[in-house]
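Trainee: I would like to go through the terms used for this model and see what each one rests on.

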Amino acid sequence: MLLLSSATAHPKPRWRETSKSLDWDRFRCPTGRYMEPGGGGPPVDRTPRLHRHLRQGLARGLVPSLLDAPTRFAPNGSTFHTHESAAWPKPQRCRARRKQVCQANPHFCLILPQGNAPRTSLVSDRHRIEFRQVWKVASSSLASFFYCNMWGDLRAEKLLPGQPPPPADKRNRRLVVVPTREPISRFIASSFEVLERLVNHVSPGGSRMPDDMYAEPAGPLSHTVLSATTSWFKPLLLLTNLTGLEREVQLRALVTGFLEDIECAIVYSAAEHLATQMSFITSGYSERAVLDFQIKIPNVTQDLERLGHMIKYRPQTNHSVWKCPLGRENDGATKAKFHVNKQDFLNVLANHPSLVQRLCTVYIQDYLCLGFALPAECEGGRELGWLDGPTHGRGRHPERVDLH
């Protein structure tokens, strides 16, 4: 995320409607071999299902909107749309919500058309591999794994928000490898990462934030500003000493708050952790939407072994093709404890199916294009059920959702 000095002048956002005719070629799944079935044969094209979801969402009230100021780094449009893109259909309330946030906290108001997710790749010229990091998808552990196994031949390439990718070298094309994780489990992990960094005054890059960022009343991360610009901070404060039904009510408000902010692509410190995996992988550019190999976290050991054989990494032992094993870093066991935990989030989602549907709507591109099974509440095109009626889908499908 780009942090700007509070003294920096910010042009006033001006809102405009998009054309009724959207460029549907920009709303799609990546191409490449990353989704090839294990038994061979061509991968299933999930783009038609994605288009059906988007068309139904537009018909039921979701709207695209473009913020035509500020645009410091790029034209107002991406060549590969993700949920963070300004053109991606979102709830109508997001137009007013973003405007309110910009007025209350211009420090985090630089919203780019293709989102603010960091883009870092680890590149090995010897093995002709490019590993694209995705936050909260074992990014620290997998980075250490590749550095250990490719020591001396691995470098980091960073693409700043709004910076177009360099021209591809077709003669020396790299094998593009991406890590992926079930989207809702990543949403929960990302929410707690935001809370952890807030408590410890840690920036998205890992350094300590200046104290004036937290100073009342105008510091961008002060209680006053966070209460005005996020939907989850007030419920977090109220949860400190609550029990029973009152606690359940505020827990739901906390989970809903994180969800409402990512629905509208609200930006605050460490919010990038909640961005879609597709935004990290592609950066909003069609040039980066060709993928070769997918490492799914539930199958990480087997996928890494397959990758090692694919790049002809020199076998090391009878048990693994790799020299160094995969370790665990950034372990939650070493982090501060809160008066809420991940099981609380799971319980809220299990008891409120409409929230699961809304998460499916936000992360639908990750679900469909990366091959993750939708939760039961979202199967059969039901992910937009939360838009039905004045209750937004609450109670229409009473079954509990197994997210474990």
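Trainee: What makes S6 mostly covered?

Mentor: Buried means under 20% relative accessible area, exposed over 50%, partly exposed in between (1.4 Å probe, protein chains only). In S6, 6 of its 6 residues are buried, hence the wording "mostly covered". Strands are DSSP runs of E with at least two residues, helices runs of H or I with at least four, numbered from the N terminus. The model is a predicted one, in which local features need pLDDT of at least 70 and side-chain atom pairs count only at pLDDT 80 or more, while totals for chains, interfaces and linings use all residues. Residues are numbered from 1 along each chain as its sequence is written, and side-chain values use heavy atoms, with hydrogens and water left out.

Trainee: How do you know that both faces of S6 are covered?

Mentor: In a regular strand the side chains alternate between the two faces of the sheet. On one side of S6 are Leu175, Val177 and Pro179, on the other Val176, Val178 and Thr180, and all are buried.

Trainee: Which strands does S6 pair with in the parallel sense?

Mentor: Two strands pair if DSSP finds at least two bridges between them. S4 and S6 have 3 bridges, and S6 and S7 have 4, and both pairings are parallel. Phe131 has Val177 as its bridge partner in S6, and Thr180 has Lys296 as its partner in S7.

Trainee: Why is the pairing of the sheet called mixed?

Mentor: The open sheet has 5 strands in the order S5-S3-S4-S6-S7. S3 (residues 119–124) and S4 (residues 129–132) pair in the antiparallel sense over 4 bridges, with Leu122 opposite Phe131, whereas S4 and S6 pair in the parallel sense. The sheet is accordingly described as mixed.

Trainee: What makes S5 and S7 edge strands?

Mentor: S5 (155–159) and S7 (293–296) each have a single partner strand, so one side of each has no neighbour in the sheet. On average, neighbouring strands here are turned by 25 degrees against each other, direction ignored.

Trainee: Which helices pack on the sheet?

Mentor: Contact means heavy atoms within 4.5 Å. Helix H3 (residues 139–149) touches S3, S4, S5, S6 (175–180) and S7, and helix H9 (residues 300–310) touches S4, S6 and S7.

Trainee: Why are H4 and H10 called oblique?

Mentor: Axes are lines fitted to C-alpha atoms, for helices over the stretch in contact, and angles run from 0 to 180 degrees between N-to-C directions. Angles under 35 degrees count as roughly parallel, over 145 as roughly antiparallel, 65 to 115 as roughly perpendicular and the rest as oblique. H4 (residues 183–200) and H10 (residues 342–351) pack at about 135 degrees, with axes 10 Å apart, and are therefore oblique. Their contact involves Ile184, Phe187, Ile188, Ala189, Ser191 and Phe192 of H4 and Lys342, Phe345, Leu346 and Leu349 of H10.

Trainee: What is notable about the backbone at Pro217 and His201?

Mentor: Most residues other than glycine have a negative phi, and most peptide bonds are trans. The bond from Glu216 to Pro217 is cis, with omega near 0 degrees, and phi of His201 is positive, near 55 degrees. Pro217 and His201 lie in the loop between H4 and H5.

Trainee: Why does Ala270 count as buried?

Mentor: Ala270 has 0% relative accessibility, and so counts as buried. Phi of Ala270 is also positive, near 75 degrees.
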